[in-house]
Amino acid sequence: DEKILTSWNSLMIAAMCELYLASKKEIYLSAAKKSNSFIKKYLFDGNTLYVSFHEKKLGARGFLDDYAAYIYAQLSLYRTSPDREYFDCAKKLCDKVISDFSDTAGGFYLYGNEHEKLILRPKETYDGAIPSGNSLMAYNLVRLSFLTDADKYKAAAQRQLDFLVTCASQYPSSHAMFLIALLHYNNPP
C-alpha cells in the first residue's frame, strides 16, 4: 500500500519535533517541516483535511484521527519553531473539530458533519499503537487552553477530560495519551 496517510504522517511530524528538541539536530526539524508542507499542499483544502493521497488523488474527507493528529503536529511544530502559522492552523482546525465532530454528551465522533450519515456514529477512545482521536483532542485542547487562555478552549478541554476519565478509569493502560493530557492539565507547564 503506497498511500500517504494524514494521521500517520502527522504523528511522525510530532515525533520529529520531539527528536529535534532532544537532540538539537536540525535534520529532524527539517524533516518535520518538509512533511508538514506536503500535507498542506496535497492533503489540505481550505478548512478540510483528507485521509490519504495516492497517485495524485485525494482519499476521503478526514476523520477525527486525521484532524486530531494534524492539530497535534501543528502544536508540536509551534513548540519547536514558534511560527504563528502553525498556531493559527491548530486553532482553526480545532474550532472545526469542535463544531463538526462534537457530541453534546461529551467526546468527539469518529466522523464529522460533512461525512455521509450512517446508522451509528461511534466515538473511539481506546489508545492502541496509535492514540485515539479523542485522546489527541484532549491533549490538543489542554495545550490550546494554556496557550490562548481562551474560555472556549478551557471549557472544551474540561469537557473532554471529564468525558474520557470515565473510560480511562475502567482500563487506564489503554488510555495513555489521555493520561498525558490529564497530567499536563493537572500540572501546567
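Helices α2 and α3 are oblique to each other, and that makes a good place to begin a walk through this predicted model. The axes of these two helices come within 11 Å and cross at roughly 140 degrees. An angle over 145 degrees would count as roughly antiparallel, so the label here is oblique instead. The crossing of α2 and α3 is also left-handed.

What do the two helices touch each other with? From α2 come L29, A32, K33, N36, I39 and K40, and they meet Y70, Q74, L77 and T80 of α3. Sorted by character, the residues of this contact are 5 nonpolar, 3 polar and 2 charged.

## A second helix crossing

Now turn to helix α4, which covers residues 84-101, and helix α6, which covers residues 151-170. Their axes come within 12 Å, with a crossing angle of roughly 55 degrees. This pair is therefore oblique, and its crossing is left-handed. On the α4 side the contact is made by K91, C94, D95 and I98, and on the α6 side by K152, Y153 and A156. The residues of this contact divide into 4 nonpolar and 3 charged, with no polar ones.

One of the α4 residues deserves a second look. I98 sits in helix α4 and is partly exposed, at 26% relative accessibility. Leaving out residues up to four places away in sequence, I98 touches F108, L141, Y153 and A156. Of these, L141 is 43 residues from I98 along the chain, and the two C-alpha atoms are separated by 9.9 Å.

## Aromatic pairs

A pair of aromatic rings is described by the distance of the centres and the angle of the planes. How many aromatic pairs does the structure hold? There are 7, and two of them are set out here.

| Pair | Centre to centre | Angle between planes | Arrangement |
|---|---|---|---|
| F38 and F53 | 5.8 Å | 80 degrees | edge-to-face |
| F44 and Y70 | 5.9 Å | 45 degrees | tilted |

The pair of F38 and F53 links distant parts of the chain: F38 belongs to helix α2 (residues 26-42) and F53 to strand β4 (residues 52-54), 15 residues apart. Are these two rings buried or exposed? F38 counts as partly exposed, at 26% relative accessibility, whereas F53 is buried, with a relative accessible area of 13%. Both also belong to one aromatic cluster, together with Y42.

The pair of F44 and Y70 joins strand β2 (residues 44-45) to helix α3 (residues 64-80), so it ties together parts that are 26 residues apart in sequence. F44 and Y70 are both buried. You have already met Y70 as one of the α3 residues in the contact with α2.

## Two buried residues

Follow F44 and Y70 a step further and you reach L49, which touches both of them. L49 is found in strand β3 (residues 48-49) and is buried, at 0% relative accessibility. Beyond its neighbours up to four places away in sequence, L49 also touches T6, I39, L43, R61, G62, D66, Y67 and L93. For a sense of distance across the model, compare the C-alpha atoms of L49 and D162: they are separated by 27 Å, and the residues are 113 places apart along the chain.

The other buried residue to visit is N140, in helix α5 (residues 133-148). Its relative accessible area is 0%. Which residues does N140 contact, leaving aside neighbours within four places in sequence? They are A68, I71, Y72 and L75.

## Two loop residues with positive phi

Finally, two loop residues share a backbone feature. K24 has a phi near 60 degrees, a positive value in a residue other than glycine. K24 lies in the loop between α1 (6-23) and α2, and it is exposed, with a relative accessible area of 56%.

E55 also has a positive phi, of about 50 degrees, although it is not a glycine. Where is E55 found? E55 is in the loop between β4 and β5 (57-58). With a relative accessible area of 61%, E55 is exposed.

Note on methods:
Residues numbered from 1 in each chain as written. Predicted model: local features only at pLDDT ≥ 70, side-chain atom pairs only at ≥ 80, totals over all residues. Heavy atoms only, no water. Axes fitted to C-alpha atoms, helices over the stretch in contact; angles between N-to-C directions. Helix = DSSP H or I, 4+ residues; strand = E, 2+ residues; numbered from the N terminus. Parallel < 35°, antiparallel > 145°, perpendicular 65-115°, else oblique. Left-handed = near helix turned anticlockwise from the far one by under 90°. Contact = heavy atoms within 4.5 Å. Nonpolar A, V, L, I, M, F, W, Y, C, P; charged D, E, K, R; others polar. Phe/Tyr/Trp six-rings, centres within 6.5 Å; stacked < 30°, edge-to-face > 60°. Buried < 20%, exposed > 50% of the residue type's maximum accessible area, 1.4 Å probe, protein only.
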